[in-house]
Amino acid sequence: WPKPCPVVQCPTLGRSRFVQGRYAQHMVSHAFDTDSASLVFEDDGGERIQVLSADYGFRSGAGRLYQDGYGGVPKSIVELSISNFKKELIALRRSVRFDEYKQISEMYEDASWFRRLGFSVGNSIREAFVRLDTWLEDENILRELKLPKNPAIDSLTDEQIAVLDKVKQLRLDDAKVSRREKEREDKEGKVQAPMIIRLVYNILCWTLDVLYEGRPIQRFWFLETVARMPYFSFISMLHLYESLGWWRAGAEVRKVHFAEEWNELHHLQIMESLGGDQLWVDRFMAEHAAIFYYWVLIIMYSISPSSSYAFSELVENHAVDTYSVFAEDNEDILREIPPPLVALNYYKSGDLYLFDQLQAGWTGQEPRRPSCNNLYDVFANIRDDEVEHVKTMHALKEGTLELDQSRFKDANKKLGSMAIKTLESFDFDE
């Protein structure tokens, strides 16, 4: 790691902690330990940007890109599973004993009978867990739960709490998202997808609307957790075909999918840094849904790659509509919140090769270099990233993706009129 940069004087932000470039995050050893509300980031062009001075995520610290331990080698699967189980067990016990879910039910003053029924069932399950946890504690099977109700929040400064309060004010209008989607389809036409694919997509959208109404950051975190799975599954299948010698023409596509997954990973960590993964129940649902989704897509891709791409095109189009409405409706608040450092490292620093690989529609144009001065810029960038995902999924579905063939063309120029002799393949159909 480079040595920590010194504290410098910034004319607009006053005395500020100064970080530079891609490896800046090592200076913030833990999100809730930093005492600077004026952390400053300098990109490769010399622009200085105020940074969100706290990471509100459950996995802040070693679980975040560009923080301590980034780039390290993991422990064994046994050690990792035991360590994570211990953390999540404590988090589960706290969530039921301190009733973290009450904050969700209190958001709905005029809840429908269906939602009230859901809250009633959920609370009954929570009370059963409380009785079980208390019994296990009395029998000395589990240790006494002594943690404070909000151990992380209690260590924040007043200014960091004020920023978190602004994040909690953010809202998403599901009805407006639906109207935006309908307007887009009326103008551009519907995505061509099999009926079963569209049915699954509609069920997914309805489920998210019900589960995450009034909680947009948690919704986005769930979506971004699941959004990486298509690219994992596509890469897995293409790698399998290459290893078996069945299909090797997809190596360039695999490179594009890795760039897309890298992009979604940063979206995910941005949502985590805003506190999207704080509730145990959200983590449980998102992570199990992601694993299930991965294997569904493996099967789907093995049967029909074009259908897999069609489903991803539907989901990415929905993401564009959702982020567009969210950024427009919350612009004033978003402009008051500094960007997370993980966003600055992705959009403004270091080698942008993978970012450029994402831009399917920018061939022959100036490279896309978005601004990232506040949280509004961050969500605008995410929206535009999703547009690129839509273009790529559509092109792959239609078989028209234009890949970078510069090396192939250069090789042909050097060969001139000559051509490489290829062996005739066996035709077993004869």
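At what angle do α7 and α9 pack, and how far apart are their axes? In this predicted model, the two helices pack at an angle of about 155°, with axes 9 Å apart. Because angles over 145 degrees count as roughly antiparallel, α7 is roughly antiparallel to α9. The crossing of this pair is left-handed. On the α7 side, the contact involves Ile217, Phe220, Trp221, Glu224, Thr225 and Ala227, which meet Glu264, His267, Leu268, Met271 and Glu272 of α9. By class, the residues of this contact comprise six nonpolar, two polar and three charged.

The setting for this pair is a protein chain with 16 helices and five strands. Of its 430 residues, 45% count as buried. Among contacts between residues at least 6 apart in sequence, 75% join residues at least 24 apart.

Helix α7 (residues 216–227) also packs against helix α10 (residues 280–303), the axes coming within 8 Å and crossing at roughly 25°. The two helices are therefore roughly parallel to each other, and their crossing is right-handed. The contact is formed by Gln218, Trp221, Phe222, Thr225 and Val226 of α7 together with Asp282, Arg283, Met285, Ala286, Glu287, Ala289, Ala290 and Tyr293 of α10. Eight nonpolar, two polar and three charged residues make up this contact of α7 with α10. Trp221 and Thr225 of α7 take part in the contact with α10 and also in the contact with α9. An α-helix has 3.6 residues a turn, so residues three or four places apart point the same way.

Helix α9 has a further partner in α15, with which it packs at an angle of about 155° and an axis separation of 11 Å. This pair is therefore roughly antiparallel, and α9 passes α15 in a left-handed crossing. From α9, the contact draws on Val253, Val256, His257, Glu260, Asn263, Glu264, His267, Ile270 and Met271; from α15, it draws on Val378, Phe379, Ile382, Asp385, Glu386, His389, Thr392, Met393 and Leu396. These residues divide into nine nonpolar, five polar and four charged. Glu264, His267 and Met271 of α9 meet α15 and likewise meet α7.

Several of the residues named above recur in the nonpolar interior. The largest nonpolar core has 76 residues, of which Ile217, Phe220, Leu274, Phe326 and Phe379 touch the most other members. Phe220, when residues up to four places away in sequence are not counted, touches Leu172, Met271, Thr322, Tyr323, Phe326 and Phe379. Among these neighbours, Met271 and Phe379 also belong to the contact between α9 and α15.

Leu172 and Thr322 are in turn among the residues touched by Val177, along with His318, Asp321 and Val325, again leaving out residues up to four places away in sequence. Val177 is found in helix α5 (residues 174–188) and, at 4% relative accessibility, counts as buried. Although Val177 and Ala319 are 142 residues apart along the chain, their C-alpha atoms are separated by 9.6 Å.

Helix α13 (residues 341–348) is largely enclosed by the rest of the structure, because eight of its eight residues are buried. These buried residues are Leu341, Val342, Ala343, Leu344, Asn345, Tyr346, Tyr347 and Lys348. The elements that cover them include β4 (40–42), β5 (48–50), α9 (251–273), α14 (353–358) and α15 (375–398). Both α9 and α15, which pack against each other, are thus included in the cover of α13. A residue-level link between α13 and α15 is provided by Asn381, which lies in α15 and is in contact with Tyr347. Apart from neighbours within four places in sequence, the other contacts of Asn381 are with Arg368, Pro370, Ser371 and Cys372. Asn381 counts as buried, at 4% relative accessibility.

Two loop residues were examined for their backbone conformation. Asp99, in the loop between α1 (77–97) and α2 (102–105), has a positive phi of about 50° although it is not a glycine. Asn140, also not a glycine, has a positive phi of about 60° and is found in the loop between α3 (113–138) and α4 (158–169). With a relative accessibility of 70%, Asn140 counts as exposed, whereas Asn381 in α15 counts as buried.

Definitions and conventions
Residues numbered from 1 in each chain as written. Predicted model: local features only at pLDDT ≥ 70, side-chain atom pairs only at ≥ 80, totals over all residues. Heavy atoms only, no water. Axes fitted to C-alpha atoms, helices over the stretch in contact; angles between N-to-C directions. Helix = DSSP H or I, 4+ residues; strand = E, 2+ residues; numbered from the N terminus. Parallel < 35°, antiparallel > 145°, perpendicular 65-115°, else oblique. Left-handed = near helix turned anticlockwise from the far one by under 90°. Contact = heavy atoms within 4.5 Å. Nonpolar A, V, L, I, M, F, W, Y, C, P; charged D, E, K, R; others polar. Buried < 20%, exposed > 50% of the residue type's maximum accessible area, 1.4 Å probe, protein only. Core = buried A, V, L, I, M, F, W, Y, C linked by side-chain atoms within 4.5 Å.
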